[in-house]
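Please study the sequence and the structure shown below before attempting the exercises. Each exercise gives a task and is followed by a worked solution.

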Amino acid sequence: MLDVIWVGGNIASMEVGAGPWGAIRDAALGVKDGRVAWIGPRADLPGPPEGMARKVCDFPGQWITPGLIDCHTHLVHGGNRAREFEMRLEGASYEEIARAGGGIVSTVKATRAADEATLLDSAAKRLAALTREGITAIEIKSGYGLDLETELKQLRVARRLGEQAGVTVRTTFLGAHALPAEFEGRADDYIDFVCAESLPAAAEAGLADAVDAFCESIAFSPAQTERVFRRAAELDLPVKLHADQLSDLGGAALAARHGALSADHLEYTGEAGVKAMVAAGTVAVLLPGAFYTLREVQLPPIDLFRRHGVPIAIATDSNPGSSPATSILLMLNMACTLFRMTPEEALAGVTRNAARALGMQATNGVLARGKAADFCIWNIAEPAELAYRIGFNPLDRRVRAGDEDLAVNSEARRV
């Protein structure tokens with residue numbers, strides 16, 4: 001006996017090899033113990049829904065998709081950087097702002113000064129905006145502490161957010177995000193500190209699911225990044241990388257050498273890096289919000305990713321400086337309009353491929369028997385609408401582990 005069965009609408013399962021969108025029309029989806037136990041055309045049900053489940057729910061004319069996944073965020077931070085937004089509009093570049101003491105370092109000051117309750121409250125508001133658009137799983141990085149106490153504080157808040165908001169949270173330690181003021185001119189000494197103190201402390205406390213670094217001319221060199229990744233391997237933690245955002249330092253290939261879950265940004269990645277990612281199974285995470293906010297002109301190598309079969313994920317990169325975004329649906333539209341991805345590729349980027357970028361592909365990202373019953377119910381005529389519309393949220397219900405949210409998007413129901 002199933003716990004619940006959903007009938008009456010259509011499903012975009014996002015399964016590979018199941019046709020466009022993995023679409024099942026006039027479908028049924030059965031849930032037991034928080035997992036998908038039956039999925040297929042309603043006509044193939046072995047009996048009447050009422051005889052198969054304790055509860056029958058209708059979604060007439062609507063579409064179900066897997067729960068959306070935001071696989072790259074910096075959601076926990078203090079303060080904001082609206083003034084830097086003005087500076088960029090006045091002509092200052094991202095690098096100029098960073099070298100002048102702005103950028104990441106300015107957020108570090110605000111985050112160090114904030115207590116956990118303050119960080120939790122501000123991040124919860126940002127997360128609420130994302131869950132209202134169908135997010136059921138999210139990655140949250142540290143990296144705005146750059147000292148032991150604040151890095152752990154950020155990661156603790158991230159864990160609490162998941163418990164509080166009913167969202168699966170994957171935490172990422174990003175101690176190698178920028179050079180803190182107290183280590184000015186001593187980048188190698190700071191990497192020593194990360195490898196010897198802050199990263200092991202995060203691992204011992206069980207606060208880190210993965211390790212990230214920012215490999216770039218304004219951050220850390222490939223050699224310094226390698227040191228962090230070797231330490232992560234000793235601690236049995238998978239790695240990710242901010243790679244090739246402002247220049248091609250070989251970041252994508254470096255990430256691949258270490259079997260990274262993902263390499264992120266990738267505007268300047270060349271074909272050698274793309275081929276290395278294929279061999280390693282590393283996902284390309286593209287961040288259209290940062291591309292848009294920074295007014296970049298160098299497009300990520302989408303055609304190379306397609307040609308070589310690199311999975312492409314999409315994320316908000318929600319952060320106070322380069323992507324102050326809390327709309328995953330807007331990212332779908334940006335991925336299509338800025339990067340020329342198809343609506344189906346974009347949706348795969350926040351479901352199937354986003355799950356791979358977090359190492360969650362065994363349980364999440366597609367709707368199939370045995371997978372987590374994390375899904376969204378949308379008031380749309382076709383799945384392409386999720387990327388097509390701007391400033392419109394058609395989410396009706398968000399379901400996690402088979403349980404509906406109490407909050408329903410009543411605005412979507414009326415439109």
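The exercises below concern a predicted model and proceed from its sheets to its helices, its cores and two loop residues.

**Exercise 1. The sheet of eight strands**

Task: Determine the strand order of the open sheet of eight strands, and identify its edge strands.

Solution.
Step 1. Reading across the sheet gives the order β8-β9-β10-β11-β12-β13-β14-β15, and the pairing is parallel.
Step 2. The edge strands, each pairing on one side only, are β8 (68–70) and β15 (312–314).
Step 3. On average, neighbouring strands of this sheet are turned by 25° against each other, direction ignored.
Step 4. Two pairs of strands illustrate the parallel arrangement. Strand β14 (residues 283–286) is joined to β15 by three bridges, and V285 stands opposite A313 in β15. Strand β9 (residues 135–141) pairs with β10 over five bridges, again in the parallel sense; here I140 has T171 in β10 as its bridge partner.
Step 5. Burial can then be examined for β10. Eight of its nine residues are buried, so β10 is largely enclosed by the rest of the structure.

**Exercise 2. The sheet of four strands**

Task: State the order of the open sheet formed by four strands and describe how β1 is joined to β6.

Solution.
Step 1. The order is β5-β4-β1-β6, with mixed pairing.
Step 2. At the edges are β5 (35–41) and β6 (56–58), each of which pairs on one side only.
Step 3. From one strand to the next, the twist averages 20°.
Step 4. Strand β1 (residues 4–7) and β6 run parallel and are joined by three bridges. Within this pair, W6 has C57 in β6 as its bridge partner.

**Exercise 3. Two helices and what covers them**

Task: For α8 and α5, compare the span with the expected value, then list the buried residues and what covers them.

Solution.
Step 1. Helix α8 (residues 222–234) has 13 residues; from first C-alpha to last it reaches 18 Å, close to the 18 Å expected at 1.5 Å a residue.
Step 2. The buried residues in α8 include Q224, T225, E226, V228, F229 and A232. Their cover includes β10 (168–176), α7 (187–204), β11 (210–215), β12 (240–243) and α9 (251–257).
Step 3. Just after α8, D236 takes a positive phi of about 60°.
Step 4. Helix α5 (residues 116–131) has 16 residues and reaches 21 Å from its first C-alpha to its last, close to the expected 22 Å.
Step 5. Buried in α5 are L119, L120, A123, A124, R126, L127, A129, L130 and T131. Among the elements covering them are β8, α4 (104–113), β9, α6 (148–165), α13 and β17 (395–400).
Step 6. A general rule helps in reading such lists: an α-helix has 3.6 residues a turn, so residues three or four places apart point the same way.

**Exercise 4. The nonpolar cores**

Task: Which residues of the largest nonpolar core touch the most other members?

Solution.
Step 1. The core has 96 residues, and I138, L161 and F305 touch the most other members.
Step 2. Helix α13 (residues 328–339) supplies the largest share of this core, eight residues.
Step 3. Another core, of 17 residues, lies apart from it; among its members are V4, A27, C57 and F375.
Step 4. Leaving aside residues up to four places away in sequence, L161 touches V76, L120, A123, A124, L127 and I140.

**Exercise 5. Two threonines in loops**

Task: Are T269 and T351 buried or exposed, and what does each touch?

Solution.
Step 1. T269 lies in the loop between β13 (262–265) and α10 (271–280), whereas T351 is placed in the loop between α14 (343–349) and α15 (352–357).
Step 2. The cut-off for a buried residue is under 20% relative accessible area. T269 counts as buried because its relative accessibility is 6%. T351 counts as buried because its relative accessibility is 0%.
Step 3. Not counting residues up to four places away in sequence, T269 touches D244, D248, A252, V274 and P301. The side chains of T269 and D244 make a polar contact (2.7 Å).
Step 4. With the same exclusion of residues up to four places away in sequence, T351 touches M14, P66, G67, L68, I69 and G365.

Terms used
Residues numbered from 1 in each chain as written. Predicted model: local features only at pLDDT ≥ 70, side-chain atom pairs only at ≥ 80, totals over all residues. Heavy atoms only, no water. Pairing = 2+ DSSP bridges. Axes fitted to C-alpha atoms, helices over the stretch in contact; angles between N-to-C directions. Expected span 1.5 Å × (residues − 1). Buried < 20%, exposed > 50% of the residue type's maximum accessible area, 1.4 Å probe, protein only. Contact = heavy atoms within 4.5 Å. Polar contact = N/O pair within 3.5 Å; in protein donor to acceptor, adjacent residues only side chain to side chain. Core = buried A, V, L, I, M, F, W, Y, C linked by side-chain atoms within 4.5 Å.
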